[in-house]
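Trainee: Got a minute to walk me through this one? I'd like to begin with how the strands pair up.

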Amino acid sequence: MALSVVMPALEMAQETGKVISWRKREGERVAKGEPLLEVETDKAVVEVESPGDGILSAISAREGAVIPVGQTIAWLLAPGEAAPVVTAPTQTGRRQDTSASAPSVAPASAPSQTAGGEVRISPKARRLAREHGVDATRLKGSGPGGEILADDILNAAKSPGAAASPSAATGASKPQAMAGEIEKLGTVGRLMAERTTQSWTTVPHFFVTRDADAAALVETHQRLAVEVERSHSVKSTLTDLLIALVARALAKHPRMNASWTAEGIRHNAEVNVAVAMAVEEGVVAPVLHKANSSDIGTLALRRRELTERAKAGRLQPADISGGTFTISNLGMYNVDAFTAIIVPPQAGILAVGRVGDRVVAMDGKPVVRPMITLTLSTDHRVADGARAALFLNDVVDAIREPRKWL
């Protein structure tokens with residue numbers, strides 16, 4: 001029986017998705033759960049799995065097409081089965097929608113570059129090309145429309161000198177833009193630029209900052225790290241502990257866990273903490289669901305899985321959806337303090353600096369203590385200064401006495 005492949009809804013309020021690349025060719029047999037295509041949303045490029053078994057047929061959305069959510073873009077058929085005839089899709093008013101009617105698969109001799117000279121290459125293949133020093137412009141892709149896939153890069157890397165990039169030949173780690181040149185952004189970088197600009201210009205930010213004594217936080221992390229590695233075979237980080245503590249504070253302050261919508265303030269039923277992660281082309285924010293009820297070991301294991309998938313460009317739809325609050329930790333980069341831009345429709349984001357020794361007053365005497373600086377960015381439409389301050393007070397209390405909150 002024919003099974004339709006539709007443009008999935010990967011985020012709340014998502015209306016369209018952009019097809020970045022097909023991971024399978026038309027006519028190829030696909031198993032349920034296998035990577036089928038990569039779709040760009042407002043937040044990231046995610047890998048979409050096949051909804052079932054069958055032969056991939058009748059692809060109607062080529063790479064670059066912007067397709068309404070729910071529209072059929074291909075079919076999974078049994079051998080010898082014909083694809084159903086579907087009516088013309090409803091237009092959304094976006095000019096890009098017209099590209100969906102174009103053929104999705106180009107002839108085998110199609111080049112890997114578009115008419116404008118841009119290389120057709122998947123995000124993972126682009127990353128692998130940089131890592132292996134492969135000049136993608138010299139390759140003919142094996143993907144739909146001549147797109148260069150990860151396997152093409154790996155095969156080229158195995159052939160000495162077959163497609164070495166100039167930087168690889170000279171021993172440079174990666175090409176750098178020269179003065180006066182324009183550095184083109186990849187998909188993740190472009191999305192980050194667009195979304196942060198949109199947030200900064202439409203969301204009324206305000207900021208609240210607190211310093212906290214982190215001695216108990218560090219001690220608790222060191223103790224729990226041993227237990228987590230023994231029970232879950234994963235090394236926990238200070239960020240894992242912070243996620244657990246912040247999530248528990250969020251459960252006490254529903255406005256800080258709420259979202260702004262056109263109808264008003266939506267109170268979210270779950271506490272789902274997103275964590276800002278640096279990848280090759282920018283920043284993504286995978287989500288740890290129900291973080292307030294998860295133990296440190298579970299959070300550490302899940303965070304490591306998300307980090308590995310984010311760096312490999314293999315985030316799944318569920319990995320980036322449903323976030324209700326974000327944490328951005330730059331302590332590992334020796335940053336003392338910074339402010340962060342809110343991820344709409346969330347109400348806030350917590351910027352975390354490094355733990356460092358400082359001279360502070362205690363009982364009227366100067367002492368050296370490990371301190372940490374927290375800066376909370378808040379959407380003033382959702383929470384006012386008093387609510388933000390009370391929430392941050394509880395976060396600071398949790399850092400000072402983590403055992404009480406855990």
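Mentor: Sure. Strands E2 and E4 (residues 35–40) pair in the antiparallel sense over 4 bridges. Two strands count as paired if DSSP finds at least two bridges between them.

Trainee: Which residue stands opposite Val39 in E4?

Mentor: That's Val19. Before we go on, this is a predicted model, where local features need pLDDT of at least 70 and side-chain atom pairs count only at pLDDT 80 or more, while totals for chains, interfaces and linings use all residues. Residues are numbered from 1 along each chain as its sequence is written, and side-chain values use heavy atoms, with hydrogens and water left out.

Trainee: Okay. Which sense does the pairing of E2 with E7 have, parallel or antiparallel?

Mentor: Antiparallel, over 3 bridges, with E7 covering residues 66–68. Thr16 stands opposite Pro68 of E7 there. The labels come from DSSP runs numbered from the N terminus: helices are H or I with at least four residues, strands are E with at least two.

Trainee: And how many residues of E2 are buried?

Mentor: 6 of the 7 in E2 (residues 16–22), so the strand is largely enclosed by the rest of the structure. Buried means under 20% relative accessible area, exposed over 50%, and partly exposed in between, using a 1.4 Å probe and protein chains only.

Trainee: Switching to helices. Which residues of H2 are buried?

Mentor: In H2 (residues 150–158), they are Ala150, Asp152, Ile153 and Ala156. They span an arc of only 165° around the axis, so they sit on the same side of H2. That arc is taken from the directions from the helix axis to the C-beta atoms.

Trainee: Why would residues three or four places apart point the same way?

Mentor: Because an α-helix has 3.6 residues a turn.

Trainee: What's on the other side of H2?

Mentor: Asp151 and Lys158, which are exposed.

Trainee: Now the backbone oddities. Where is Ala58, and what is its phi?

Mentor: Ala58 is in the loop between strand E6 (54–57) and E7. Its phi is positive, about 50°, although it is not a glycine. Ala58 is partly exposed, at 32% relative accessible area.

Trainee: And what about the phi of Ser233?

Mentor: Positive too, about 55°, and Ser233 is not a glycine. Ser233 is in the loop between helices H5 (215–232) and H6 (238–252), and counts as exposed at 57% relative accessibility.

Trainee: Last one: which residues does the cis peptide bond join?

Mentor: Pro344 and Pro345, with omega about 5°. Pro345 lies in the loop between strands E16 (325–329) and E17 (348–352).
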